[in-house]
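This report describes a few local features of one structure: ring pairs, pockets and a sheet. Please look at the sequence and the structure before reading on.

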Amino acid sequence: MIGMSSLAGRALTAAATVAAVGGLALGLATGAEVGYVAVPGAGLLAVVVAWVIVRHDPTSPVGPALAWSTSSITVVLTNDLLAESAETADPLPLAGLAHEVWVGLWPLNLAGVFALLLVFPDGRRPGRLWAGLPFLFAGAAVGMVVGMWGAGQVGNQIVGEPTGWRRMLALLSMAGIAASMALAVLSLVLRYRAGDERRRRQFRWLALAGVVVVLCLLGGWVGLSAGVGTAVSMTPFLIAIVALVPLAVGIAVVRHDLFDIDRLLSASLAWLMTLVLSAAVFAATVMVASRALDANGRIGPTAAAFVTALLLLPLHRYITNLVGRLVDRDRHVAVQTVERFAAEVRLGRRQPEEVEAVLRDAQDDENLQVCLLRPDGTWVRLDGSAVPEPTGHTIEAGGHVIARITLGWTSARARRRLADLAQAAWVPLEVSRLRIGLRDALDAVEASRVRLAQAAAAERKRLERDLHDGAQQRLVSTGMRLRLLQRRLQRGDVGTATEELDLAVGELEATVAELRRIAHGVRPQRLDDGLAPALEAVRAASPVPLAMAVHDLPELDETRALTAYLVVSEAVTNALKHAHAGRIEVDVAGDEDHRLCVDVRDDGIGGIPPTGLVTLRDRVLAVGGHLEVHSPVGGGTAVRAVL
Amino acid sequence: VSRLRLVVAEDALLFREGLVRLLAELGHDVVAAVADASALCSAVAEHRPDLAVVDVRMPPDLDADGARAATQIRAEQPEVGLLLLSQHIELRHCLPLLGTPGFGYLLKDRVLHLDEFDDALQRIAEGGVALDAEVVQALVRSRSATALDALTEREREVLGLVAQGHSNTAVARLLRLSERTVEAHMRAVFTKLGLHDDGSTHRRVLAVLAYLESHAPR
């Protein structure tokens with residue numbers, strides 16, 4: 001940083017202000033040509049911006065340098081005015097001195113710009129050697145004044161040119177000025193290269209102004225060649241040079257994060273290059289066409305317009321890409337990284353779940369978080385862990401929200417970058433989301449299968465107990481009874497044999513009944529007669545009023561009939577046992593797609609969660625159907641199964 | 001054939017009454033008939049019977065309460081013989097008792113063959129073993145097949161009966177062989193399995209069971 005007290009900064013800027021205002025006042029007072037008024041007047045804008053910068057940072061040398069970038073031109077103009085008056089009858093004060101330095105003073109025009117080039121944007125220089133550069137410029141400027149001392153100007157002709165050593169000195173000084181300007185530009189380039197992100201962005205504002213100036217210049221030339229007047233053609237260029245450069249410097253120093261300079265610059269540059277190349281193509285085509293065909297035909301321009309139009313868009317796309325890589329390298333590289341990753345995901349070389357790591361890397365934000373929206377409306381991280389609904393950048397695909405990305409630190413620039421990256425990353429994001437959805441579904445199926453297996457095992461266990469402790473026990477007892485009877489008969493003791501046999505037969509009958517009951521638990525026997533009679537049995541067994549409608553039954557296989565029966569009987573059991581229902585309605589009907597719809601509604605206490613009735617749900621899912629449970633607390637329960 | 005003093009533990013009333021009458025018919029003295037595991041333990045402690053006939057599955061848990069009570073009785077009164085009755089083979093709760101002297105395990109329907117049932121009761125009361133053919137088969141099935149591969153079919157048959165607790169004489173009668181032939185088979189079995197035979201029926205059974213037990217694929 002060039003050491004500069006705030007007082008010195010203010011003093012220098014104030015001096016520039018005085019010079020600008022003084023020059024303007026002199027031009028107005030003497031009624032000089034329009035140029036002597038317009039240039040100091042336009043230069044005042046730079047002075048105003050300079051004061052803004054000085055207020056923002058009084059120790060920055062950029063403010064005074066900017067002020068002098070136009071004020072030094074005003075000083076030279078003022079000197080011109082004074083010098084010209086020396087040859088009139090009524091010379092202004094100091095006209096004599098002004099006349100002596102007149103021609104040699106021109107390097108002063110560049111002094112402000114030179115200073116600005118050296119100190120922009122924050123006064124840092126690439127090395128100590130560069131400290132000598134201002135002295136080289138100053139020496140060359142003084143040399144020029146000395147060399148050209150006394151030379152005058154008449155119209156555009158220089159009179160009284162120096163000879164001998166003074167001529168040599170003037171030539172050397174000329175070279176010195178050129179060299180110091182070139183070195184000043186070089187120092188700017190070196191500082192840009194060595195600068196951090198913030199400084200680069202400041203440089204880019206200046207570059208933007210430069211590009212626009214060149215664009216305006218080109219536009220002016222085009223205008224001139226098209227026969228538009230000089231004033232109209234070149235005015236945008238002049239305004240650009242006196243207004244845009246100070247404004248760009250001001251924004252760069254005070255509010256460099258105002259807009260996305262990278263995009264502005266890259267887009268302007270791209271358009272500039274497209275324009276130039278299109279013009280070249282147009283001109284070349286006109287030339288070739290008019291030479292090859294007839295010299296005054298209209299084919300030339302028409303063909304040229306056609307060819308240019310054909311080339312314009314692809315050319316622009318190519319140039320945008322190229323410029324993007326050169327000017328906004330970071331963003332370009334980041335987007336490309338993500339695009340490459342997306343391509344590798346498509347080729348199956350990388351897992352889409354790596355998208356978060358890739359985005360973190362590209363965004364340079366290690367706390368960036370990707371959250372995906374599941375089909376059920378809940379949010380999850382990429383590893384499937386649930387999170388509350390996040391805030392942040394929303395990504396949509398096909399009109400649906402699929403993901404949200406939260407930044408660890410945020411700025412306008414970071415958000416813009418993220419929007420670009422997210423666009424490139426939507427395919428991996430969507431694939432990750434679908435995979436999580438798939439995994440959820442598989443987990444649900446797996447859990448359902450396990451529950452079915454457990455239910456089947458429990459059912460088998462119950463069946464085994466029923467058989468062992470019931471029927472089998474009875475049969476063994478009956479066997480024992482018969483054995484005892486046999487022993488007594490062997491001894492000739494007839495006694496109560498008839499009664500004993502009666503009891504044994506009674507036992508056997510009871511066992512048969514028992515076995516029938518058990519078998520019915522495995523599969524309701526009434527299903528043999530069809531679903532409707534089996535359901536009728538459920539209705540008949542209900543202790544509360546049960547309205548049943550069975551109609552339009554489609555062709556049913558054993559599995560569907562059994563499942564429908566179990567849905568009805570279990571839902572009814574549930575309504576009776578848990579919901580304290582006073583009335584139950586059952587509706588079983590086929591629809592036009594040959595599906596079987598089973599509805600069971602009760603007026604009980606409700607309150608079964610939508611995920612309740614797990615066993616029933618599993619049964620229904622196992623045959624490819626689905627089950628809905630609607631059960632508001634206190635509002636009854638409606639179970640609907642579609643098979 | 002001696003008259004045994006018995007305690008019967010069985011929760012199903014029908015079966016318990018039948019069993020009591022059947023044991024009385026066989027000439028035994030049923031000193032107590034109880035319906036759950038804790039009643040069984042106190043009855044055995046009170047009456048000190050020759051033998052307790054116990055249903056494996058009983059209240060309070062309707063799981064293996066009978067088997068657990070048997071284990072407890074064996075620990076407290078080792079002189080009391082134990083016969084477990086079950087509807088099906090379920091050995092995991094009585095593995096430590098399996099093959100120990102004075103222990104039997106039979107399926108419930110074996111009681112219908114009165115003579116064999118009575119024979120089993122007598123053997124257990126004398127410190128012998130009475131294992132259901134199904135139990136032995138389950139044991140043999142779970143053994144490493146290679147060890148028993150060396151045996152001929154007849155030898156395996158003899159081994160099975162011996163493991164059930166039968167004496168040579170009983171085996172000879174059941175297989176309709178001469179006692180000498182059975183003895184020859186047993187010697188061959190013992191040699192092939194590398195066991196020592198000292199001629200005593202009980203100890204022979206124990207050796208065979210221990211062999212089956214120790215070669216279990218755990």
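## Ring pairs, pockets and a sheet

Phe203(A) has a relative accessible area of 5%, so this residue is buried. The model in which Phe203(A) sits is a predicted one.

Phe203(A) takes part in an aromatic pair, and a search of the whole structure finds two such pairs over all chains. One of them joins Phe114(A) and Phe137(A): their planes stand at 10 degrees and their ring centres are 4.4 Å apart, so the pair is stacked. Since Phe114(A) lies in helix α5 of chain A and Phe137(A) in helix α6 (residues 133-147) of chain A, this pair ties together parts that are 23 residues apart in sequence. Both Phe114(A) and Phe137(A) are buried.

Phe120(A) and Phe203(A) make an edge-to-face pair, because their planes are at 70 degrees, with the ring centres 5.8 Å apart. Phe120(A) belongs to the loop between α5 and α6 of chain A and Phe203(A) to helix α8 of chain A, so here the parts tied together are 83 residues apart in sequence. Phe120(A) has 0% relative accessibility and therefore counts as buried; the cut-off is under 20%.

The two pairs are set out below.

| Pair | Distance between ring centres | Angle between planes | Kind |
|---|---|---|---|
| Phe114(A) and Phe137(A) | 4.4 Å | 10 degrees | stacked |
| Phe120(A) and Phe203(A) | 5.8 Å | 70 degrees | edge-to-face |

Next come the pockets. Rolling a probe the size of a water molecule over the atoms shows where empty space is left. The largest pocket has a volume of about 800 Å³. Its lining is made up of 28 residues, and Gly521(A), Val522(A), Leu566(A), Glu570(A) and Arg619(A) are the ones nearest the centre of the pocket. Five helices of chain A each give at least two residues to this lining: α14 (412-490), α15 (497-522), α16 (531-541), α17 (558-577) and α18 (614-622). The largest share, seven residues, is supplied by α17(A). By class, the lining of the largest pocket holds 15 nonpolar, six polar and seven charged residues.

The second largest pocket contains about 630 Å³ of space. Of the 26 residues that line the second largest pocket, Val113(A), Ile241(A), Val242(A), Val245(A) and Pro246(A) lie nearest its centre. Two or more lining residues come from each of α2 (34-56), α3 (62-86), α5 (108-119), α7 (164-194), α8 (197-225) and α9 (230-254) of chain A. How many charged residues does the lining of the second largest pocket have? There are no charged residues in this lining, which has 22 nonpolar and four polar ones.

Chain A also has an open sheet of five strands in the order β5-β4-β3-β7-β6, with antiparallel pairing. Strands β5 (386-387) and β6 (393-397) of chain A stand at the edges with a single partner strand each, so one side of each has no neighbour in the sheet. Within the sheet, strand β3 (residues 369-373) of chain A runs antiparallel to strand β4 (residues 379-380) of chain A, and two bridges join them. Leu373(A) has Trp379(A), in β4(A), as its bridge partner.

Chain B offers two further details. Lys108(B) lies over the face of Phe15(B), at 4.8 Å from the ring centre. Gly128(B) is found in the loop between α4 (114-125) and β6 (129-131) of chain B. With 0% relative accessibility, Gly128(B) counts as buried. Gly128(B) and Gly102(B) are 26 residues apart in sequence, and their C-alpha atoms are 5.0 Å apart in space.

Key
Residues numbered from 1 in each chain as written. Chains lettered and ligands numbered in written order. Predicted model: local features only at pLDDT ≥ 70, side-chain atom pairs only at ≥ 80, totals over all residues. Heavy atoms only, no water. 1 Å grid on protein atoms, 1.4 Å probe; cavity = no way out; pocket = protein on both sides within 12 Å on 5 of 7 lines; lining within 4 Å. Points joined across faces, edges and corners; volume = space filled by probe spheres on them. Helix = DSSP H or I, 4+ residues; strand = E, 2+ residues; numbered from the N terminus. Nonpolar A, V, L, I, M, F, W, Y, C, P; charged D, E, K, R; others polar. Phe/Tyr/Trp six-rings, centres within 6.5 Å; stacked < 30°, edge-to-face > 60°. Buried < 20%, exposed > 50% of the residue type's maximum accessible area, 1.4 Å probe, protein only. Lys NZ or Arg CZ within 6 Å of the ring centre and 35° of its normal. Pairing = 2+ DSSP bridges.
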